[in-house]
Amino acid sequence: MKNFISIIVPVYNGEANILKCVNSLLKQTYKNFEIILVNDGSNDRTLEILTPLVLEHSSLKLINKKNEGVSIARNVGLENASGQYITFMDSDDWVQGTYLEKVAETIEEYQSDCIYFNYYEEYNNSKSILVEDFKKVENYSKEKIRTKLIPLFIGGKEGLLMGSVWRGIYKSSILKEKVKFKKNINYMEDLIFNIAILKYAEKVTVSNIAPYYYFINESSVTGKYLDNMHSVSNQVLQELTSEINSSCLNEYVKENLVYRKNLITIDCIKNEFKNENVKLRNANLKNLLREEKILKMEKTPLRWLPYIVGIKMKSVPILNLSHNFIKFLKLISS
């Protein structure tokens, strides 16, 4: 019997959580699926953990490759997927036992090109917080996808949907024929992927099920410094604008693009505060403030206000004060 669903799991040095991830898939009540594990050149015990599992379970397929990043790993998974529908999973996340059963039921009932669902954020202390973007099941026609759903993924005054690909399942024919992950982008790659898919979709369903647990490692929540983030963010904006222009979506998302560009600007500034070289950090912030791409900041949430003050004044010292003020607020609220 042909697999109905393919789950693509890229993994790089995932020895800490990959077993929990894979076991949660192997325990599914729904059985017509395959799991494609793409080992992206791991140099820890990942391969040692996965090899006996693959030998024991016929639903598992393991692909070993050199380390090239998550986008290429996912594309390799796509090339090897046989399911009529395809979804993705991060190697440190896990799912409920009825995850695929609920997803398959939704597919069979609505016959949509894409389905998106709610999820839980799970923290180190096992605390789980429901992220309930969708209160009910709702179907989007092609026109509503363009005028309502795509603007929500880009973000704006109507709200912002987190665009990770693991919160969706996609018709295989659209992915294999028309959409791939951008190889040279490792920031907001999921957003660009989703926008590319949605421009081809005829029907999309959003569901209030929440079967997925997205793990947030609080000890590394601030992440590491990305020295190429500024240049990559420019690529992201170019790709996003290209996807929108090629689909004649500009009239629907013009304001949303301003919001997203401002969000990226803030992310670039926040990234610089992870740079331990203070002299280089301040030089990079100064260059950022000179950039013409920093737009009017009216289309922004209030939580960004401290950064906006520094941006409007084009002042690195004010940005430093703003950042320390935000850190203080987080400290006293924790």
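**Exercise 1. State in which helix Glu101 is found, whether Glu101 is buried or exposed, and which surface patch includes this residue.**

*Step 1.* Glu101 is found in helix H4, which covers residues 99–110. Helices (H or I, at least four residues) and strands (E, at least two) are DSSP runs, numbered from the N terminus. The model is predicted: local features need pLDDT of at least 70 and side-chain atom pairs count only at pLDDT 80 or more, whereas totals for chains, interfaces and linings use all residues. Residues are numbered from 1 along each chain as its sequence is written, and side-chain values use heavy atoms, with hydrogens and water left out.

*Step 2.* Buried means under 20% relative accessible area, exposed means over 50%, and partly exposed lies in between (1.4 Å probe, protein chains only). Accessible areas come from the Shrake-Rupley method with a 1.4 Å probe, and for residues only the protein chains shown count as cover. Glu101 has 30% relative accessibility and therefore counts as partly exposed.

*Step 3.* Glu101, Glu105, Glu108 and Glu109 form a negative surface patch. Patches are made of residues with over 30% relative accessible area and no salt bridge; like charges are joined within 9 Å, and nonpolar side chains (Val, Leu, Ile, Met, Phe, Trp, Tyr) within 5 Å. Lys and Arg count as positive and Asp and Glu as negative, while His and the chain ends are not counted. The place of a charge is taken as NZ of Lys, CZ of Arg, CG of Asp or CD of Glu.

**Exercise 2. Identify the residues of the positive surface patch and locate Lys61.**

*Step 1.* The patch of positive charge on the surface gathers Lys2, Lys61, Lys176 and Lys180.

*Step 2.* Lys61 has its place in strand S3. With 31% relative accessibility, Lys61 counts as partly exposed.

**Exercise 3. Explain why helix H3 is described as largely enclosed.**

*Step 1.* Helix H3 spans residues 70–80, and eight of its eleven residues are buried, so the helix is largely enclosed by the rest of the structure.

*Step 2.* The buried residues of H3 are Ser71, Ile72, Ala73, Arg74, Asn75, Val76, Gly77 and Leu78.

*Step 3.* These buried residues pack against several elements, including strand S1 (5–11), strand S2 (33–40) and helix H7 (189–198). Contact means heavy atoms within 4.5 Å.

**Exercise 4. Describe the salt bridge between Asp190 and Arg74, and the one between Lys182 and Glu239.**

*Step 1.* Side chains of opposite charge can pair when their charged atoms come close. A salt bridge is a side-chain nitrogen of Lys or Arg within 4 Å of a carboxyl oxygen of Asp or Glu. By this rule the count is 13 salt bridges.

*Step 2.* Asp190 and Arg74 meet through their side chains at 2.7 Å, N to O. This pair links distant parts of the chain, with Asp190 in helix H7 and Arg74 in helix H3, 116 residues apart.

*Step 3.* Asp190 is buried, with a relative accessible area of 11%. Arg74 is also buried, with a relative accessible area of 3%.

*Step 4.* The side chains of Lys182 and Glu239 meet at 3.5 Å, N to O. Lys182 lies in the loop between H6 and H7 and Glu239 in helix H8 (residues 229–246), so the pair ties together parts that are 57 residues apart in sequence.

*Step 5.* Lys182 counts as partly exposed at 30% relative accessibility, and Glu239 counts as partly exposed at 22%.
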